[in-house]
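Open the viewer and keep the selection box at hand. The tour moves from one chain to the contact between chains, then into the cores.

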Amino acid sequence: MERPAWAPRNIDISVPSVARIYDFYLGGSHNFEADREAARRAMEFAPGLPKTMQANRAFLRRAVRFAADEGITQFLDIGSGIPTFGNVHEVAQKARPGARVVYVDHDPVAVAHSQAVLEGNPDAGVVAADLRKPQEILANAEVQRLIDLNRPVALLLVAILHFVEDADDPYGAVAELRDALAPGSLLVLTHASFEGIPLPPERAEGAVDVYKDIRNPLIMRSRDEIARFFEGYDMVEPGLVSPPRWRPETATWDPDDEDPWAFAGFAGVGRSA
Amino acid sequence: MIAEPDGPEDRLRRFATIWSRAVFPVTSTSATRPEFEEQLLPLARRLSEALAARTVDTDAGRAVGAALVDAHCTDPEALTRSLDCVDAYLVLYCGGDGDREDLRSRSSRLQHAMAAGFAHALRERTLAEQEAIARAALEAQGLVAQALHATEARFRAVFEGAAIGIGIADLDGNVLQVNGALLRMFGITDQTMRGRRVQEWTHAEDAPQTWTLYDELVRGEREHYHLEKAFSRPDGTVLWTNLTVSLLRDADGEPQYQLALMEDTTERRLLNLRLRYEATHDALTGLPNRTLFFERLEKALSAGEGQRFGLCYLDLDGFKTINDSLGHAAGDRLLVEVADRLQSCATAPGEMVARLGGDEFVALTTGPDTESEVDDLAARIMNALLAPVRIDGRELTVRGSIGIVEGPAGERGPAEVLRSADITMYRAKSAGGNRFELADPEADARAITRHGLTTQLPVALERGEFFIEYQPLVHLGDGSVRGAEALVRWLHPQHGVLGPDRFIPLAEHTGLIVPLGRWVLEQSVRQARAWRERYGQDVAGDPLRINVNLSPCQLTHPGLVQDTVDILERAGVAPDALCLEVTESALIGADDDLLKPLRRLAEMGVDIALDDFGTGYSNLANLRRLPVSVLKLDRSFTQSMQQFPADPVDLKIVEGIVSLAHGLNLAVTVEGVETGAQAEQLRILGCDTAQGWYYARPGPPERLHELALVDATG
């Protein structure tokens, strides 16, 4: 068996994983003490992080539904993490039975777990790959089996790009993926930012440092920097906004119902020309 | 369903709204608050119904508690808030008009059941998720381990299967692991290899830097090095390798191991040595050849102060005769014997013997005392040649001439030294041979060596050092001048005028004969035109003809016909004004390919003369085949006619040849006519034309003019 390039030398569950930390924020138990410990430390600085993640998750759900309503039946979710609930395939396949979903993550535990969850679902698959090597994702057999690149795809980059440092050229990676997608494809993206966090940046920095400590630095980008990921896409209304403001589901949606932490970061959907 | 204001349904909904508002902030759901409220509504209805049931349905309470967990209310605070909410509002909104006290007690029991149901469901969910993630981690670990194992297995296969030797040792030099290829190269077993230390593998042929590089590497000052290294095998043979040693560092960059990669180059090395040997040794005698000798000589001549050299240049006397009379095989055997004897004369360090080619050998001695040593060396060589050589039952006496050059290193180059030795050897040879002579700079300058002339030939042609003399050809019948033979001369800056016998063979040997011959032809043809312009035709009405010699080498040159045609056309001279002289020996055994150019020239009208006729195996039958129109009788036939009376046999032979020639429609020219009696005799015998001192020696073209005038007036 070929040892994939992504596979770490060993799996050390005493090292926190951002995927499992995310699960912890979402009330899940798919995590180990080291993950919870790191999450708690970050929450000492930013106690509302769970709400931020929840809002992020809610956006993802709305965006997938939007994509399904737009007629998209193929979903490529890169940085999918640990499927907790309201997963893309659940939402997408409910809206469009038979919709194809491929999850991509570079965390082998997340991949193994996804495999267990997706067992028996012929229209969904999981791939161990890294956003930093887009060509490997595109060339992957499972991706090619499930996704027809000649038809529009919803590319989900939800809460992942803020884990890719500039040195690894996240803009280049996104552009490579964009170039591979058929016209009419959608880019669904969320990204952490100091903008919108109900905290002075100095304090939010503390939470950022926790990620640095666990060797998974969190790259906070400005709105403009995040907007650049949409180069080559037309923004879908209402553009790049804080997650709850992106197409709230009920007409009676009231921002005051939302936790202030839900407004941290940016979310948006673009459509490729 | 539209609820009647303040009807039971409306009240139920209001209860659910309050409940959802209370709990939503502590849930993890990705649903919105209104959606979440929709999720709570059936739970509220369940509680409401349980409240109204005849007997309290605690199962309903438990189910509602569990349902909260399913709705992602996994935070215990969600339970607290739910219980607070149920406690405060369930009876109020859903109690109807029942007994307050009873309702409160029922609500209380439902809350207990909810708490139990929540706790149970949360515990189940937590355990399930923990198990799922643990299993995923295990699975991932398994995959990675499997992949790692596969990688290791592959690396092991590469290691074991590699054709190059691979060995790993620690920094103290203890060998930790080696692969099969390395064991096979060393010719030892794994057991023997174990416990060995790298430092044991010193070898006499190690390059000086070998172990310095090693020390630098194990100290971490060098990442790798590459060299050729020899190892001793247990069986005593030597293993030569192309060795690369690299330093392996651990994850923190600390030097940890040394890795050796080696390629067995023994065979290649042997082959190289053999090729080198073959390139530097004479195949016949096994002696060093010219190449190796020049290398050594160069080295000796560039040696430091106080170092001298002595060179003996030996050429066997009369070797050609032996070769010609006994054949090449015998000649070769003689050379081998001579080589063996010479070899035994130069056995001291700094001495060597080489064969330069043919029957030329050199012996070299080097060191500070060559002044006395070189004479001894020459004497030893002369002595070694004394005993006759037995070949095919014959005792052959071998003699040689030796030229000796001796001097300090650093003054002269190899070519100059060799030239001096060559000249000196010729001096010894011309003094009778079987002796040695010591080089003398003045004699060197005077001496004409084949070597010197050969190297000067091309420059001489460029510088115009050649010129042509013409010897008239006279008609024996009427004594008129019919033409002349062109004879090339070399006005050598040091040696004066040299005849063709001195340099034509050298020019033949180097191929310079082709441009030189073309030049002679050009000059001669131009001269023929000049004559024609000045004097018109001879008495017989024919133009003055020019005879030009063709060497065997020119004969085979592919440009012969075209060059001749071009030269004639350029000069505006008719082909019948030209006669090309070819020696009989050049045409012995000539096939049609060789004759073709001559035929073409003859067809054009160029006369072809068979020169020196009667000296070779004059194959008379062959004459019919040759495109020849003139026979030039060799001077040996005419020499006897200088006496009177002439040898009657010679007369008969000449008469016979003339009659044969005329019978074949060939003209006959005689050479070497020196007396009037000779001329008269030849005329009587029927020869057509003659040349010789009796008429004129070869001279400048003007001389011919004088003769022609004399002839015309006489």
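Start with chain B as a whole. Among its contacts with a separation of 6 or more, 63% are between residues 24 or more positions apart. The model is predicted, so treat each stop as a feature of a prediction. Chain B has 714 residues, of which 37% count as buried. Colour it by secondary structure: 27 helices and 21 strands appear.

**Stop 1: a strand with three partners to visit**

Select residues 481-492 of chain B. This is β14(B), and strand β13 (residues 466-475) of chain B pairs with it in the antiparallel sense, over nine bridges. To find the register, pick B:F466; across from it in β14(B) stands B:W490. Now follow the turn. The hairpin of β13(B) and β14(B) has five residues between the strands, and B:G479 there takes a positive phi near 75°.

Next, add residues 496-498 of chain B. This is strand β15, which runs antiparallel to β14(B) and is joined to it by three bridges. Look for B:H492, which stands opposite B:G496 in β15(B). Here too there is a hairpin, with three residues between β14(B) and β15(B).

Then select residues 545-550 of chain B. In which sense does this strand, β16, pair with β14(B)? The sense is parallel, over three bridges. Label B:E485 and B:N547 of β16(B): they stand opposite each other.

While the strands are on screen, keep one rule in mind. Side chains in a regular strand alternate between the two faces of the sheet.

**Stop 2: chain A as a whole**

Switch to chain A. Its secondary structure comes to 10 helices and seven strands. Of its 273 residues, 52% count as buried. Take the contacts in chain A between residues at least 6 apart in sequence: 76% of them join residues at least 24 apart.

**Stop 3: where the chains touch**

Show both chains. How many residues of chain A are in contact with chain B? There are 31, and they meet 28 residues of chain B. On the chain A side, select α3 (49-69) and α5 (108-118); each supplies at least two residues. The largest share of that side, six residues, comes from α5(A). Colour the chain A side by residue class: 15 are nonpolar, 10 polar and six charged.

**Stop 4: the cores**

Hide the surface and look inside. The largest nonpolar core has 92 residues. Label A:L155, A:L156, A:L157 and A:V188, the residues with the most contacts inside this core. Its largest share, nine residues, comes from α3(A).

Centre on A:L155. Leaving out residues up to four places away in sequence, A:L155 touches A:L76, A:L177, A:L181, A:S185, A:L186, A:L187 and A:V188. Then jump to a second, separate core of 64 residues, which includes B:V525, B:W531, B:L633 and B:A661.

**Stop 5: a helix and its neighbours**

Finish in chain A with residues 88-95, helix α4. Which of its residues are buried? They are A:V88, A:H89, A:V91, A:A92 and A:Q93. Show what surrounds them. The buried residues of α4(A) pack against helix α3 and against β1 (74-78), β2 (100-105), β3 (124-128) and β4 (154-158) of chain A. To read the pattern along the helix, recall the geometry: an α-helix has 3.6 residues a turn, so residues three or four places apart point the same way.

Methods:
Residues numbered from 1 in each chain as written. Chains lettered and ligands numbered in written order. Predicted model: local features only at pLDDT ≥ 70, side-chain atom pairs only at ≥ 80, totals over all residues. Pairing = 2+ DSSP bridges. Helix = DSSP H or I, 4+ residues; strand = E, 2+ residues; numbered from the N terminus. Buried ≥ 20, exposed ≤ 12 C-beta atoms within 10 Å, placed from the backbone. Contact = placed C-beta atoms within 7 Å. Nonpolar A, V, L, I, M, F, W, Y, C, P; charged D, E, K, R; others polar. Core = buried A, V, L, I, M, F, W, Y, C linked by C-beta atoms within 7 Å.
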